[in-house]
Amino acid sequence: MNADTLALLLGVVTAAAGGFLWWYRDAEREWRRIYLRAAANVGPGNKRLRAAFTSVVRDAEFREQASEIEAKMEPMAKEVALFRELLEAQLGGLYGREAEDALARFYKLVRVGLARGSQRWRERARNWDGPPSSSEAARLTTAHAASGEEGGRAVWTLPPSNLPEPDGALIGRGEELKGLCELLTGAGERLVTVTGMGGVGKTHLCLHAARQLKRRFGGRAYWVDLAPIPAGGHELVAVRVAQTFDLGPEEGHAGAARAVAPGCDPPAEVTRPWLDSLVRHLRDERLLLYLDNFEHVGGATADVKYLLSRCKGLRVLVSSHRPLSPGHEQDYPLGRLSYPAVRYLEEARELTSYGAVRLFVERARKRLKDFRLTDENARPVALICAKLEGLPYTVEIAAAKIKHYGGSARKLCDALFDEEGYIRLDLFNNPQLDAAARHKDPRALTAWSYGLLRPEEQRVFRRLAVFQGGVPASAAEVVVTADGRGAMGAAFKERLDALIDEGLLDVKADASDGELRYSMVWMTRECALEILSASGELEATRRRHAEFFLRLAEREVSRLNGAKDEPGRRAALDAVEREQDNLRGAFDWARGADAAAAFRLALALSFYWDARGHRPQARKALDDAIPLGAAGDVPVDVRLRALDCAALLAVKQADCERAERYARELLSLSASAGDRRYEARALHRLGRSRFFRRDYDGAREALGQSYEKFLSLDDTTQLAWVKFDLGDAARDDGQLALAGDEYRKGLELLERSGAGDGQQAGTMYVNLAFVCHKLGDEEGARKYMNDAANVLRGRDYFRWYLHFQGRLDADHLDLDAAREHFRESYKIFRERNDKLGIIRTLLGFALVAAKTGDWHSAARLIGAESALREEMGLEFPPDWAEERALVETGAREDRLGPRRYKEAFEDGRAAKWEQAYAPDWHALLVEPKPVAV
């Protein structure tokens, strides 16, 4: 079919649609749909075009909608039926007849209809007196929406703005809206692309911006939704834009010979007639054109640039997952809404500063008009917004479900996330009936973006889903690619960049070492994991992930144990801290798939968790891993190290039963393996556990046996530690002079080993100071505390020096100094999340409160300390027994009485420890006044 015949055919259909605009708007939509579908299938021959028109005529949806129109337009049923007859006859003429014959029949029927139709039809008879020529058909294509006439010919004018009303207010985007409007009205930028991942709210922001700028463009702001165009159908973008302005293709490619602006590629031949028509009619107009959902028709970028080069008054706003063409546009990336951190408790009035929370509340009110943010529901609302990471799409869906849970944000939060805090994807179906197919649920949204990627980009995307808490650049290619190369190649980096451009991946430089770190929104990651599982690549990828992070954990723990200074030690701890989520994920996988890897991971992590004060986590990991050793896949040396570490952690948490069980198992395994070093360690752990059970004779027996074995191994450092523990046993048994002797012998051993200025020596100085203080040797106590300060200053253990100095100050009734030292140590304990230190500091503040007469605060702090100890599974620290007993007895029996003491104690137990005492606001830090009893 030649170009003239095609122009004639499409011109008649468009003209016919224009003829019925006066009659019913639904008809216009249907005829436009027919027109677009036909244009989308134009090919080199007749067969494809015939098939397209035939499918329209036989389309059940078309016939059903036409019948609905007939029912609605009962007074004009004859005219409607006639039009259907005319259209079907005209289209049916393509079954073997030439187009001209079909058109002749069509116009014959038109004249019959005019003779028996309405006055409007008769008025149009002047123009429809017979089959038009091909040139006249082309003119009809651009003239059917004319609003006036000039010299008997139709005159085209700009149609009214078609901007739809945005669905709801714009929440949390004030700055973005202002910046976008400034860009679109500034002197420099004529093409602005708002980019971001699916569901971030690009369309919503752009519609608000376009409507706000509509007056600035004299009411000439237009919206073109490109979502209905199939992926890769970029040739249809120009068609859809032209139809927005009621324009058809330019006859004979009228603009083909005109020069194209430098740097602007000429449009493809198939889109040239449509673009020429747009250029001819819009070149002198000043208007704003908003192209929505551009990401799947990126091939139309050249058409957009061509329009901008020829139409100087045109400004184009685009929303897309990725930029159109770097260097030819202003990219305006749109991030997620601000949201609160999960770990902080905040009141309702503080949460309103977060855009995600405000959006949740506004959308929830649409379902429940009485919904309000209160202090009672603030926590679950904040948790929902934080776990959804401020993504407007999921926040709106969650808020819309509040009605299903009786307005209870707590019940909604419990429903949306499982016991481990993971999103239940099945609950995030979109309740909006008119939502686009890809917005029906998170899986569809992710699948839409996934489908736009190239195969190699898809592979990288789904494999990155095994990472939790972020993807360090050093790990990305090692885990994602089967060959496991360490350095990131240029090709792999390009694939990561493509995912960033698509909005599926975020990237930022780590604040500590500058390494690039990639991350996915939680919802996207969950969907990607499902895709990875379906691909059959999940297990192999998770194994590479576990192997990488096992190597990292062992490397950093080795650096931690070998660190000579505090900065080196802290750097190793921070390196493991950054990868906590990845390490937990690796351990969870290894437990069920690789016992040896699980053992090694548990062992490495236990050193880190112990150093950071996360001892319950460390103990649980080892408790889970140690039974795996029975399978025989774990080397003996690894099992020995794990049992030793588990016993030591149990000792530190005063869990004597577990400590002795692991110590005896370690003693048996080391004896059968002939490993004397671990035999000595097992006896050391056993002695320490007996000390915590206050079995001082049994402790001295086991520690003495340990000392003899370490002596045979000539391990001076371990000998010093045994002397340290023998000193502790003597001190708590009331043998203070003997305790002092043991501590001094331990210091001599450290001097001999070259560690006399290390952290272990500083610890012994602190204990010696306490012994001197209890013996009344205050001068000796001051000397040893000065020695401790000199050794520990700048080291991690300095927080314990501050704590014990506070205890000495309290005993000397220098309460201001005690508060200051407790406060400084408490700050460091909180930074390290060292809960054992926090427990001891709460006891210290309880002692200070009691000494100032604030018995109510003292009882409350003891309650908070008890709750935190129970949470950690800790026994009471023996060296605090006397002071705590004095405070508890004084508060309960002498000052408050049993009832008031119990009320204050339970109040402290019920409160979070941060609320029970926080140095920034608690009265103890100001000027505590004695409370009248």
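This is a short tour of one protein chain, from the whole fold down to a few of its parts.

Hi everyone, thanks for coming. Please keep in mind throughout that we are looking at a predicted model.

Let's start with the whole chain. There are 933 residues, and 54% of them count as buried. The secondary structure comes to 43 helices and 10 strands. Take the contacts between residues at least 6 apart in sequence: 70% of these join residues at least 24 apart. As for the surface, about 41000 Å² is exposed, with carbon and sulfur atoms supplying 49% of that area.

Now please find the open sheet. In what order do its 5 strands stand? The order is 4-5-6-3-7, and the pairing is parallel. Strand 4, residues 221–225, and strand 7, residues 330–333, are at the edges; each has a single partner strand, so one side of each has no neighbour in the sheet. On average, neighbouring strands here are turned by 20° against each other, ignoring direction.

Let's look at one of those pairings. Strand 3, residues 191–195, runs parallel to strand 7, and 4 bridges join the two. If you want a place to put your finger, go to V192, whose bridge partner in strand 7 is Q330.

Next, some helices around this sheet. Helix 11, residues 235–244, lies across strand 4 and strand 5, and its direction is at about 140° to strand 4. Then there is helix 13, residues 301–310. How many of its 10 residues are buried? The count is 9, so to speak a mostly covered helix. Those buried residues include V304, Y306, L307 and L308, and also D303, K305 and R310. What do they pack against? Their partners are strand 3, strand 5 and strand 6 from the sheet, together with helix 11 and helix 12.

Helix 12, residues 272–282, is mostly covered as well, with 10 of its 11 residues buried. Among them are W274, L275, L278, V279 and L282, along with R272 and D276.

Let's move along the chain to strand 10, residues 516–519. Strand 10 runs antiparallel to strand 8, residues 471–472, and 2 bridges join them. On the other pairing, strand 9, residues 506–509, is also antiparallel to strand 10, this time through 4 bridges. Two residue pairs will help you find your way: V471 has Y518 as its bridge partner in strand 10, and A509 has L516.

Further on, a quick stop at a single glycine. G698 sits in helix 32, which covers residues 696–713. Is G698 buried or exposed? Its relative accessibility is 8%, so G698 counts as buried. G687 is 11 residues away from G698 in sequence, and their C-alpha atoms are 6.9 Å apart.

Last stop: a pair of helices. In general, two packed helices are described by the angle between their axes and the distance between those axes. Helix 35, residues 759–774, packs with helix 37, residues 798–811, at an angle of about 10°, and the axes are 11 Å apart. Because of that angle, helix 35 is roughly parallel to helix 37. Which residues make the contact? From helix 35 we have V766, F770, H773 and K774, and from helix 37 we have F804, R807, L808 and D811. Sorted by class, that gives 4 nonpolar, 1 polar and 3 charged residues.

That's the end of the tour. Thanks for listening!

Definitions and conventions: Residues numbered from 1 in each chain as written. Predicted model: local features only at pLDDT ≥ 70, side-chain atom pairs only at ≥ 80, totals over all residues. Heavy atoms only, no water. Axes fitted to C-alpha atoms, helices over the stretch in contact; angles between N-to-C directions. Parallel < 35°, antiparallel > 145°, perpendicular 65-115°, else oblique. Contact = heavy atoms within 4.5 Å. Nonpolar A, V, L, I, M, F, W, Y, C, P; charged D, E, K, R; others polar. Buried < 20%, exposed > 50% of the residue type's maximum accessible area, 1.4 Å probe, protein only. Areas by Shrake-Rupley, 256 points an atom, 1.4 Å probe, with all protein chains shown as cover. Pairing = 2+ DSSP bridges.
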